[in-house]
Amino acid sequence: MAKAFFRLQKFLRRTQFLLFFLTAAYLMAGSLLLLQRTRLVLQQGSRRTPSNQALPVPEEVSRVGMTDPRTLQNPRPGPRLLVGTDVLQEPALDQRHSPHWLMSRNSELRQLRRRWFHRFTSGQEPLQTAGFKAMKHTAEHKGTYMGCFTHDSRERTLKGAVFYDLRKMTVAHCQEACAERAYSYAGLAYGAECYCGNTLPAAAAKPEECNSECRGERGSLCGGASRLSVYSLERLRAAAGRGRNVIYRGCFRAPENLTDTFPASLIQPNLTVEMCSEFCSKKEFPLAVVRGQECYCGYPTGRFPLREGADGLRCSGTRNASSAAGGQYCLVYQTPVQDTRCTDRKFLTTKSKVFVALSSFPGAGNTWARHLIEHATGYYTGSYYFDGALYNKGFKGEKDHWRSRRTICVKTHESGKTEIEMFDSAILLIRNPYKSLMAEFNRKYAGHLGYATDRNWKSKEWPDFVNSYASWWASHVLEWLKYGKRLLVVHYEELKQSLIPKLKEMVEFLNVTVTEDRLLCVENNRDGNFKRSGAKQKNFEPFTQEMKDLINRYILTVDEALRERNFSGLPREYVPR
């Protein structure tokens, strides 16, 4: 017995030694591989940028070095340059952090941003390296480079349309977007922002101050911090003019005093619609109004709201402007110029005392509602999630922490009791479940603007999607009705049909005062950047009778619950009878 025990003890000692040896060998091999990989990265970095100037960081870092912990959980390829040696350590991809971690992380990020920005404004020139000296302004671009100019986002010189693309902005993209809208100049700032206008900025800057590389085009410059790279678009504008759309808005009763109503006018013999539209486009007005030989330019206003159109027969000769009008009526056209009275937005200057949710089922029009709210109030909306596609197109509240209270309201699709009770009040947006399910299925398989293929619709994924998501549509509304503290119920179909009255209700619920002209501007820009182009017709019915029976039962349940809470029921158009 003692001999067997001795043998076992000897075997275990050998096993321990073997395990120790294997562990040490594994760690040494890992260390060697890590050192080799680090050396390779450093060698590549030394060939690209000076070691004391630039380090690669995730593309989600904003133009002032700010990032969001949500983006660190899903880093995307594509480094850009960050001055200094402050590198953020990325957490594990599958790690979930508590709100306390997020708050401390945001504090660290703010400190990093301040240090970076201090270096940037203290005279350091991070982009003046040998590689960036080779950058060009005009080589492949059709516009004429006019120079580097100062840029103040609050008092813009280029007062026309504004576009953002924080991942794919190029000089050509900005030029074409401005030319299509009949602007004479295009200016780029911060590597990702595009501004249009018809007046060249007055204050020139040093050429080297426009040093931000375009986010979507290596080797080209797109302005800098508070600096614009400006291009003249005469050649592009002439080419775009041949295919530019002038939209007929209708025949309307002319206001009593046209010269007081419209800030610009032109009297021209043999006036045509094209002549009037071109004149108003150069003046940067979105409306061209024609009455006989008179051309007027302006905006929709309280005096001229464009809500009640007249019979088209009262305006004779829509093709030939000189024969139209009869004095009391006028022809109204939408020029390619964007109405910019409501496009400037910002974060709240002080933290909101009321935490408001913009809640909806996915596919119910939440992004469109955010577009309307941001332009009506002038404040960014936040999000419980992070959507890079929305952030890249100008929804800057996407990267702000959802509990910061710096946004006017926060998008959410959550429907749990805990998540609902975190909010003091909510706008509950409800849409026809048939439309919502199809919209979300399209987004899931083809993004915000695409359409799922016929193969997707005919696969087994579609029935599974309907079975799981249809019940979510109903439970989302029911849970918010049960646990929501203060609710404003908005139906997507009613918002679409009566935009101004419903938008007024939403703005008043958010405790913001806006002018009538600003609401009319929102109506003039109602679609935003995330409207699918047309309704792609399918040559088959995606909903089976079994699916319809299921969805209709949920519709009746939600309709009854709304009425029990003294809200108006669902719109009659999609409630089963």
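Which hand does the disulfide of Cys280 and Cys297 have, left-handed or right-handed? The torsion about its S-S bond is about -80 degrees, so this disulfide is left-handed. A disulfide is here a pair of cysteine sulfur atoms within 2.5 Å, and the sulfur atoms of Cys280 and Cys297 are 2.0 Å apart.

A word on the basis of these values is helpful. The model is a predicted one, in which local features need pLDDT of at least 70 and side-chain atom pairs count only at pLDDT 80 or more, while totals for chains, interfaces and linings use all residues. Residues are numbered from 1 along each chain as its sequence is written, and side-chain values use heavy atoms, with hydrogens and water left out.

Eight disulfides were found in a search of the whole structure. The link of Cys280 and Cys297 connects distant parts of the chain, with Cys280 in helix α8 and Cys297 in strand β13, 17 residues apart. Helices (H or I, at least four residues) and strands (E, at least two) are DSSP runs, numbered from the N terminus. Cys280 counts as buried at 0% relative accessibility, and Cys297 is buried with a relative accessible area of 0%. Buried stands for under 20% relative accessible area, exposed for over 50%, and partly exposed for what lies in between (1.4 Å probe, protein chains only).

Helix α8 and strand β13 also hold the cysteines of another disulfide, Cys276 and Cys295, whose S to S distance is 2.0 Å. Cys276 belongs to helix α8 (residues 273-282) and Cys295 to strand β13 (residues 294-298), 19 residues apart. With 80 degrees about the S-S bond, this link is right-handed. Cys276 has a relative accessible area of 0% and is buried; Cys295, also with 0%, is buried as well.

Elsewhere in the chain, Cys178 and Cys196 form a disulfide with sulfur atoms 1.9 Å apart. The angle about the S-S bond is -75 degrees, and the link of Cys178 and Cys196 is left-handed. Cys178 lies in helix α5 (residues 171-180) and Cys196 in strand β6 (residues 193-197), so the pair ties together parts that are 18 residues apart in sequence. Both cysteines are buried.

Not every cysteine is paired: Cys330 is in no disulfide, and the nearest cysteine sulfur, that of Cys315, is 6.5 Å away. Cys330 counts as buried at 0% relative accessibility. Cys409 counts as buried too, at 1% relative accessibility.

Attention now turns to a pair of helices. The axes of helix α16 (residues 499-509) and helix α17 (residues 516-524) come within 10 Å and cross at roughly 120 degrees. The axes are lines fitted to C-alpha atoms, for helices over the stretch in contact, and angles run from 0 to 180 degrees between N-to-C directions. That crossing makes α16 oblique to α17, since angles under 35 degrees count as roughly parallel, over 145 as roughly antiparallel, 65 to 115 as roughly perpendicular and the rest as oblique. In the contact (heavy atoms within 4.5 Å), Leu499, Ile500, Leu503 and Lys504 of α16 meet Glu516, Leu519, Leu520, Val522 and Glu523 of α17.

A last site is Asn432, placed in the loop between β18 (425-430) and α12 (433-446). Asn432 counts as buried at 10% relative accessibility. Leaving aside neighbours within four places in sequence, Asn432 is in contact with Glu493 and Tyr574.
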